[in-house]
Amino acid sequence: VDLLSASCDATRTAYRLAAVVYHHGAHAQGGHYTCDVWHPAGEWLRMDDENILTITERQVTDAKSDREPYLLFYQIV
């Protein structure tokens with residue numbers, strides 16, 4: 001099964017983290033979702049409903065954070 005489009009060069013293997021989705025709540029049937037997104041202007045944004053904050057890369061990748069990643073999105077570089 002091909003996972004990349006025909007126009008994509010499959011020999012390129014470098015990826016960059018582009019977004020992280022977090023689920024907040026005790027059950028999959030409910031809760032709240034937030035997202036950290038890499039903006040092309042060169043900064044990370046934390047999105048929580050109508051609140052958008054600029055954050056550091058360390059805040060996204062900090063393993064000691066109280067946020068546990070639910071989905072990770074990568075971009076070929």
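**Briefing: largest pocket, nonpolar core and residue E57**

The largest pocket holds about 160 Å³ of space. The elements that each contribute two or more residues to the lining of this pocket are β1 (15-24), α1 (57-61) and β5 (69-76). The model is predicted. Its largest nonpolar core consists of six residues, and β1 supplies the largest share of that core.

**Pocket lining**

- In total, 14 residues line the largest pocket.
- Those that lie nearest the pocket centre are V60, T61, D62, R67 and P69.
- Sorted by class, the lining comprises eight nonpolar, three polar and three charged residues.

**Nonpolar core**

- The members of the largest nonpolar core are L17, V20, Y22, W44, I55 and V60.
- Three residues of this core come from β1.
- V60 belongs to this core and is also one of the residues nearest the centre of the largest pocket.

**Contacts of L17**

- Leaving aside residues up to four places away in sequence, L17 touches W38, W44, V60, L72, F73 and Y74.
- Among these contacts, W44 and V60 are touched by L17 and are listed with L17 in the largest nonpolar core.

**Residue E57**

- E57 is located in helix α1, one of the elements that give two or more residues to the pocket lining.
- E57 counts as exposed because its relative accessibility is 52%, where the cut-off for exposed is over 50%.
- The C-alpha atoms of E57 and W44 are 6.5 Å apart in space, with the two residues 13 residues apart in sequence.
- W44, the partner in that pair, is a member of the largest nonpolar core.

Notes: Residues numbered from 1 in each chain as written. Predicted model: local features only at pLDDT ≥ 70, side-chain atom pairs only at ≥ 80, totals over all residues. Heavy atoms only, no water. 1 Å grid on protein atoms, 1.4 Å probe; cavity = no way out; pocket = protein on both sides within 12 Å on 5 of 7 lines; lining within 4 Å. Points joined across faces, edges and corners; volume = space filled by probe spheres on them. Helix = DSSP H or I, 4+ residues; strand = E, 2+ residues; numbered from the N terminus. Nonpolar A, V, L, I, M, F, W, Y, C, P; charged D, E, K, R; others polar. Buried < 20%, exposed > 50% of the residue type's maximum accessible area, 1.4 Å probe, protein only. Core = buried A, V, L, I, M, F, W, Y, C linked by side-chain atoms within 4.5 Å. Contact = heavy atoms within 4.5 Å.
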